[in-house]
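Ready for a few exercises? Have the sequence and the model open side by side, and try each task before you read its solution.

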Amino acid sequence: MLLSHRPKRLIAHAFVALLALGLLLTQPAAQAEEFSEFDLLLLDFTLGRDTLAQSVTAYAYKNTIVVSLAEASAALEFPISVDANEGTAEGWFISKDRRFELDIGSATVTIEGEKQTLSPTDAIAYEYAIYVPLDTFSRWFPVDLSADIPTMSIKIEAREQLPTQLRAQRRQFAGQRFILAAPSLPRIKAPYRLIGPHSADLSFGYSIQRDPNISKTQTNLTHSSLIRGDLAFMTSSIYLSGNDSDSLTNARITLSRRPPYTPAGINLIEIGDITPLAIRGTPQNNLEQGLLIRGAAFGGSDPYDLNGNRTQISGDVLEGWEIELLQNGIRIDYQIIGPEGRYDFRDLELYSGSNIFELIFYGPAGEQYSKTITRYSGAQSIRKNSLSYQLSASNKGKKVYDSEQDLVQVAGMTDIGTDRYTAKLDYGLLSNLSVGAGLNSVVENSERLNYASLSFRTGWRSLYMSLSATNDPLGGTIWDGSVDIPANIRFLGFNAQLNHTRYATSVLETDASSDLRIESRSSIVLTGTPEGISTRFSASHSNLNQSTTTIYSLDLSQKIKGTRIGNTLNYQDYSTNSLPGTLTGNLYFSSKYAPLTLRGNIDYQIQPESEPLFYQLRTDLRIASDMGMAFSFDHTPTNKLSRMTASLNWRLKYVNLSPRLTYDSEERFSGFIFAALSLSPKPDRLGILVSGNPMANNGGVVSRVFLDNDNNGQFSNRDTPLANVDIYAPQAFRHSETNADGTAYLTGLSPNKATDIRLDHNSLPGIDMDATQPGNSVQLRPAQWVTIDFPVVTTGEVDGTLYQLRDNKQLPLPGVMIELRNARNEVSDFRISGHDGFFLFDRVPYGRYTLTLNKKYQNKLLQPAPKFQLKKYNPNQLGITLVVSALKTKKTTSGFAKGAPLRVSPIQKSKTIQPTIKQPNPAEIKNTLAPSIANPYALQLGAYKEKIRAESAIHQLLQRHANLLQNLQLLATRSDLGSRGVFFRIRASGNLSEAQAKTLCRQLKQRGQSCIAVPE
């Protein structure tokens, strides 16, 4: 077939282009022009406020900045070896599996297995280094580099977390004690035990009341306790309460376990007093003795998914506590804990998406903490082929221990002690369709009734719909359907939920005597945050067998800084003339501005009559770290009763005390004293640990800090415990100091939040000490204890200079990787020689070491690789000289065409920028000042318990940092800190100004030495 004229011409053009390209490729590469010494830049690499490297070699070249590949990689702790003579580089970055290879000769660079072609200006080999433009370096590695000439630095913006950032974080945590960042240390696994230590939260209350209408003064003594710990490879939970007239008014025992996912997907088992599963429209009970299993299989789905758009939140807490429940920022419920010691929020509506429930706990002794629970609803909770299930079997109306109070509560119940069986299943048929089934089998009036249900959940685009039907054995079927419309459909800008339920004849709206039975209920709920205000509007209409009821509710809530304010309006309209419509509201607020906390609410009525119903105001004032005061006032206008309460909350080391006085407008007086403490066996030795922090609902960590004299990483008789070392949990806002045995106890660690456990290096008794491990992260079960050891070793320094012998002269050799190998010939650390050939290894544990070079230079050493041992009386190896023979080098070999401009923002060269001008050393500046400084500053370099250690540290400081401290006078001064004891502080003085002292401190900190500039 003949080609047309146009394709023939295209083929001809392509042939000419290929020929021209071949000619270009066969031409010898042009030499890149040499760098000028006037363009030399010695720049610092800075990441945030940290300086990662000083005086990194760079050049101003063709309107941009090029930097030494070896030195820049070393600053970021990327072990990349560079051979400028061969024009190659190889190594890895971030992790060992992320390889980097560069070959200038073949004009290729391979990054994580992907080979790329080098552009003419991507890499330049000059003398003994390879230089790359900043934008090229940023393209190869997950960092953005930008030059800041006025400060002579290169700013780093990391696109991933770098090894150097993790290293910097560990050292910064001492000054950044409490943070909200996620834990980053390795997680400790703590398996269940057959028998583990149990923690007990105890509370005691004694009250005395005097009423002018009653001649006899009334007294009352109450107690409650919550005991938790490992038992039979589960967590046992025992709650007990009583008073002076009945020693045991409440008792509850439960064994529970949250195992890791198994083939059956079980993630919760409870035995003892459990809450039976709830199926809408069926008889329920609070607590019964039995067995509960909850899990999810074949897809890792959430076992709460099967609840559709309803959920329940319950738990244990001591008597006297108050709990607020917020959902997506709106307060939806409030409970005061009575003698039963349990909070239980039931039938909570879930809206499409994530539902964030926040529980805020207020203790009777001024305690306050919160925890967050997230429940999901909507189409995204449906997972194909996943199975969620809940199963329970219990004895109706019976508990493990039936107190007199329990017997009174179930007195009207029939068939007590009969078996109740409940089950719920939900299976994902498709990615947007699941089917569920439920069963509640219970005996009523000697007849076993089986309530069976079937449900469907589905998602279509952004809509979420559910439908369920429950068979009522007494007659009829309960139908329940709902539709969720998320805000992105723009249903007035809100998430919307529509629900309709058709009840069977057995469901009572009120008590049985009124014979009011609900037949159907329809509702709509709108939720959203317009203008930053959390909003919830609901409307429901109920048809009863004798009347109808319509209820409207509007909730508004907003948090501004430390203050949350909200208002709820409720309107109820009845169809009968005897029950007029009512409009009521509740205005509430809570504000926390340390040291003051305010809480208050007003209940009011607008219709049928406009009047206030109840006022309440409470203020808590923290007057010391361990003491606070609380005042409250409430008033009920209907009976004109006012009540005022004042209390003192005293948090001691072992107990919380809260005496309280109450007086009301009817001249009734009451006094109350409340005491709370927690007991736990010491996890590391015999004895009882007593604390004012609750330990039954929280976990704890015991940390041992010791000088690891035998270097085995484990505590033994040869090791030395270290006292007064600070251990802290940054995410949990907890810290503790080690005692004389080197042990610190961290209590009150919430099981709902993971936290790191770290050691404050600045609190170690010697500047030459370092912990061999950074710590661990934990997320503990209630009453669980774990042990985290911090072996500490003494460290030294190794430094020296690498030279190359050229023309019988020793010239500094930059950009070469130097390895520090231990006695097992393993690489302990690496450094890249700087522009002047200098290298420094700091924080090196005592031991035997060898210095080696990368393979290109190791065989060129003119003397054997130096071997040495760091030990107590010889902690440092300083001033090592390494000399290699000259290699055959090319003066300048970029292998690329000359003069191609780089695509970066141009940097105008100016003769006012003289990077090669030597900056005077701050220590030298002092000697040029004839008069004394009016307000001199000194450097504080450490503090020690023993004077002999301080004097030894001075000797080490002068060895390590002679060039910075040689013109200063170092002394150990005695400082009495009262209860903390006497310390000997090391100060370096020498007529320094504030700016000079801070500059010196900055240079010392960059070497890993702690330093504070202080007025003399």
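**Exercise 1. Confidence**

For residues 507-514, where pLDDT stays under 50, how many contacts beyond four places in sequence does the model have?

Solution. Keep in mind that this is a predicted model. Start with the overall picture: the protein averages a pLDDT of 79, and 84% of the residues score at least 70. Now go to residues 507-514: pLDDT stays under 50 there, and the model has 13 contacts beyond four places in sequence for this stretch. Residues 170-179 also stay under 50, and for them the count of such contacts is 24.

**Exercise 2. A sheet and its edges**

Work out which strands stand at the edges of the sheet made of β55, β54, β57 and β58, and why one side of each is left without a neighbour.

Solution. Begin with the order: the four strands run β55-β54-β57-β58 in an open sheet, with antiparallel pairing. Next, look at the ends. β55 (827-832) and β58 (867-870) each have a single partner strand, so one side of each lacks a neighbour in the sheet. As for the twist, neighbouring strands here are turned by 25° against each other on average, direction ignored. Finally, zoom in on one pair: β57 (residues 847-853) is joined to β58 by four bridges. Across that pair, arginine 848 has glutamine 869 in β58 as its bridge partner.

**Exercise 3. Another four-strand sheet**

Do the analysis again for the open sheet with the order β21-β20-β23-β24.

Solution. First, the pairing in this sheet is antiparallel. Second, the edges are β21 (330-336) and β24 (368-377); each has a single partner strand, so one side of each has no neighbour in the sheet. Third, the average turn between neighbouring strands is 20°, direction ignored. Last, pick a pair: β20 (residues 322-327) and β21 are linked by six bridges, and leucine 326 has arginine 331 in β21 as its bridge partner.

**Exercise 4. Following strands along the chain**

Trace how β35 pairs with β34 and with β36.

Solution. Take β34 (residues 548-560) to begin with: this strand pairs with β35 (residues 563-574) in the antiparallel sense over 12 bridges. In that pairing, tyrosine 552 stands opposite tyrosine 571 in β35. The two strands form a hairpin with two residues between them, and lysine 561 in the turn has a positive phi of about 55°. Then move on to β36 (residues 582-593), which is antiparallel to β35 and shares 10 bridges with β35. There, glutamine 572 stands opposite threonine 582 in β36.

**Exercise 5. Backbone oddities**

Which peptide bond, ending at proline 608, is cis? And where do lysine 640 and asparagine 724 sit?

Solution. Here's the background: most residues other than glycine have a negative phi, and most peptide bonds are trans. The cis bond runs from glutamine 607 to proline 608, with omega near 10°. Proline 608 lies in the loop between β37 (596-607) and β38 (611-624).

Now the positive phi values. Lysine 640 has a phi near 55° and lies in the loop between β39 (627-636) and β40 (641-651). With 70% relative accessibility, lysine 640 counts as exposed, because the cut-off for that is over 50%. Asparagine 724 has a phi of about 60° and belongs to the loop between β45 (720-721) and β46 (726-729). Its relative accessible area is 31%, so asparagine 724 is partly exposed.

**Exercise 6. Looking inside**

Is threonine 662 buried or exposed? Which residues have the most contacts inside the largest nonpolar core?

Solution. Threonine 662 is in strand β41 (residues 656-664). Its relative accessibility is 15%, and buried means under 20%, so threonine 662 counts as buried. Its side chain makes a polar contact with the side chain of threonine 645 (3.1 Å). Beyond four places in sequence, threonine 662 also touches other residues, including Arg643 and Phe669.

As for the core, the largest nonpolar one has 45 residues, and those with the most contacts inside it are Phe45, Val67, Phe100, Leu102, Phe137, Trp140 and Phe141. Helix α2 (residues 69-75) gives the largest share, five residues. Check Trp140 to finish: among the residues this tryptophan touches beyond four places in sequence are Phe93, Phe100, Leu102 and Ile111.

Notes
Residues are numbered from 1 along each chain as its sequence is written. This is a predicted model: local features need pLDDT of at least 70, side-chain atom pairs count only at pLDDT 80 or more; totals for chains, interfaces and linings use all residues. Side-chain values use heavy atoms; hydrogens and water are left out. pLDDT is the predictor's confidence in each residue, from 0 to 100. Contact means heavy atoms within 4.5 Å. Two strands pair if DSSP finds at least two bridges between them. Axes are lines fitted to C-alpha atoms, for helices over the stretch in contact, and angles run from 0 to 180 degrees between N-to-C directions. Buried means under 20% relative accessible area, exposed over 50%, partly exposed in between (1.4 Å probe, protein chains only). A polar contact is a pair of N or O atoms within 3.5 Å; within protein, one must be able to donate a hydrogen and the other to accept it, and residues adjacent in sequence count only if both atoms are side-chain atoms. A nonpolar core is a set of buried Ala, Val, Leu, Ile, Met, Phe, Trp, Tyr and Cys residues joined through side-chain atoms within 4.5 Å.
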